[in-house]
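User: Hi! I am new to this structure and would like to learn how its side chains pair up. Could you walk me through it?

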Amino acid sequence: MGTWVLSECGLKPLAPVFPRPRTGVVLSATASKNGFFSTDKGVAAPKFQTRIPLSCGFRERNWGLKVSTPLRVAPIEEEQKSAGVFNGANRVEHEKEEVPEFDPGAPPPFNLADIRAAIPKHCWVKDPWKSMSYVVRDVIAVFGLAAAAACLNNSLVWPLYWAAQGTMFWALFVLGHDCGHGSFSNNPKLNSVVGHLLHSSILVPYHGWRISHRTHHQNHGHVENDESWQPLPEKLFRSLDNVTRMLRFTAPFPLLAYPVYLWSRSPGKTGSHFDPSSDLFNPNERKDVITSTACWAAMMALLVGLGFVMGPIQLLKLYGVPYVIFVMWLDLVTYLHHHGHEDKLPWYRGKEWSYLRGGLTTLDRDYGWINNIHHDIGTHVIHHLFPQIPHYHLVEATEAAKPVFGKYYREPKKSIPLPFHLIGELLKSLRSDHFVSDTGDVVYYQKDSQISGSSNQTED
């Protein structure tokens, strides 16, 4: 018995259909006795299409028994698209699995020349007039703040003055710092004169600091040879007495370390920034060190004279407290440029160390409103690699170099107007960055659980 359909014109046979080649598995349907279709899961069926005739009369009959047809034929394009998405998803997932985890201690896939080429040429130009304009701005601010505080002489004004004037002392240091790097101008004599005036005014021996700071830049990231906040090997760390450990790792004492460092350097090292025969300096640098020490002594004599004129209490309020704030700024900034990131930063020894790899372990920091006041010293990575770039080009140079750095550049956390968040970064680092292994050419800070407050802290 054939398959028939009932139309308004009577009983007529199904029109013949012809198969269309397809691929893939489809649902099939078989004709049931009541004329409806039911699916046979997992059964491959011949690919026929049914048509419902709209006109009367008989046409060529199809007497085939149990003719089956799929309920729906998906377009070939749709199947190909679905298969492509599926395969593409697998491919993407496979590629994700193959991407190696970033290793900050691995040699970078670029060199100094690549970074230098990315920085616009005008960023290397030193404008002495522009540099001097910043000096004039800061000096006017320093004397203006002192005059205003002395005239008002109010208990509510003095704390604001101390914070503002201490920050301005720090700004003066940064300009003298540019002089020491030669990024202030191309004139060494101008750099030396301005550097001595600025640094001596805040009791920093210009040449003594300049030479040791040069050593820091030339060896940044090296466990033994670095000169600023370098890590202590475990054996040396274990040999420290409890007082020294407390002073180095318990706030606020590390923020008061700079004057001590100038006199006696870091633990495990000898010499003084005031002593021309110190192993910090070469024999041909003795005269420079003597000159700086003499200028420092002259400033001390001036302060003593001012103490007799205005009284020691007034001198303490006008100069002494701002000097302490300046020292805290200097220690905070220099420490956080080499510590405190959420990921551990590598330190190097031996053949693993290079100037580039050491410089890439430094950090940029955002100081909010203070960025402009202290001359964008927070843009520290580019400064460490190319200290000859003037401070007023550091931000632009950093933005240009970021595509080259890739993951080796660690974007700083954005600050509110005042960078209070950095206090938390400091405290966290002081609780976890204590020493490095005595062996190994790529090492990371480890934590000593016996230091107060660190036993309850987890490793970063």
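User: Thanks! How many aromatic pairs are there?
Analyst: Happy to help, and please keep in mind that this is a predicted model. Two rings pair if their centres lie within 6.5 Å. By this rule, the number of aromatic pairs is 24.

User: How are the rings of Phe-102 and Tyr-408 arranged: stacked, tilted or edge-to-face?
Analyst: A pair of aromatic rings is described by the distance of the centres and the angle of the planes. For Phe-102 and Tyr-408 the centres are 4.9 Å apart and the planes make an angle of 85°. Planes over 60 degrees apart count as edge-to-face, so this aromatic pair is edge-to-face.

User: How many residues apart in sequence are the parts that this pair ties together?
Analyst: Phe-102 sits in the loop between helix H1 (76-98) and helix H2 (112-118). Tyr-408 belongs to the loop between helix H15 (394-405) and helix H16 (421-430). The pair therefore ties together parts whose separation in sequence is 306 residues.

User: Is Tyr-408 buried or exposed?
Analyst: Its partner Phe-102 is partly exposed, at a relative accessible area of 31%. Tyr-408 has a relative accessible area of 9%. Buried means under 20%, so Tyr-408 is buried.

User: What about Tyr-319 and Tyr-323: is that pair stacked or edge-to-face?
Analyst: These two tyrosines are four residues apart in helix H11 (residues 312-336), which separates them by about one helical turn. Tyr-319 counts as buried at 13% relative accessibility, and Tyr-323 counts as buried at 15%. Their ring centres are 6.4 Å apart with the planes at 10°, so the pair is stacked.

User: Which residues form one aromatic cluster with Tyr-319 and Tyr-323?
Analyst: The cluster brings together Phe, Trp and Tyr residues. Besides Tyr-319 and Tyr-323, its members are Phe-169, Trp-170, Phe-173, Trp-209, Tyr-258, Tyr-261 and Phe-326.

User: Let us turn to charges. Which residue forms a salt bridge with Arg-245?
Analyst: Side chains of opposite charge can pair when their charged atoms come close. The charged end of Arg-245 sits over the ring of Phe-237, 4.5 Å from its centre. Arg-245 also meets an acidic side chain in a salt bridge at 3.4 Å, N to O, and that partner is Asp-448.

User: How far apart in sequence are Asp-448 and Arg-245?
Analyst: Both residues are buried. Asp-448 lies in the segment after strand E6 (442-443), while Arg-245 is in helix H8 (residues 242-249). The pair therefore ties together parts with a sequence separation of 203 residues.

User: What is the N to O distance between Asp-433 and Lys-344?
Analyst: Asp-433 and Lys-344 are both buried, and their side chains meet in a salt bridge. The N to O distance is 2.8 Å.

User: Which residues are joined into one network by salt bridges that share partners?
Analyst: One member, Lys-269, is in the loop between helix H9 (258-264) and helix H10 (286-310). Lys-269 counts as buried, at 19% relative accessibility. Sharing partners, the salt bridges join Glu-227, Arg-265, Lys-269 and Asp-279.

User: Which residue has a backbone oxygen that the side chain of Lys-269 reaches?
Analyst: Lys-269 touches several residues beyond its sequence neighbours, among them Asn-225, Asp-226 and Gln-230. The backbone oxygen in question is reached at 3.5 Å, and it belongs to Glu-224.

Notes:
Residues are numbered from 1 along each chain as its sequence is written. This is a predicted model: local features need pLDDT of at least 70, side-chain atom pairs count only at pLDDT 80 or more; totals for chains, interfaces and linings use all residues. Side-chain values use heavy atoms; hydrogens and water are left out. Rings of Phe, Tyr and Trp (its six-membered ring) pair if their centres lie within 6.5 Å; planes under 30 degrees apart count as stacked, over 60 as edge-to-face and the rest as tilted. Buried means under 20% relative accessible area, exposed over 50%, partly exposed in between (1.4 Å probe, protein chains only). A charge sits over a ring if NZ of Lys or CZ of Arg is within 6 Å of the ring centre and within 35 degrees of the ring normal. Contact means heavy atoms within 4.5 Å. A polar contact is a pair of N or O atoms within 3.5 Å; within protein, one must be able to donate a hydrogen and the other to accept it, and residues adjacent in sequence count only if both atoms are side-chain atoms. A salt bridge is a side-chain nitrogen of Lys or Arg within 4 Å of a carboxyl oxygen of Asp or Glu. Lists of a residue's contacts leave out its neighbours within four places in sequence.
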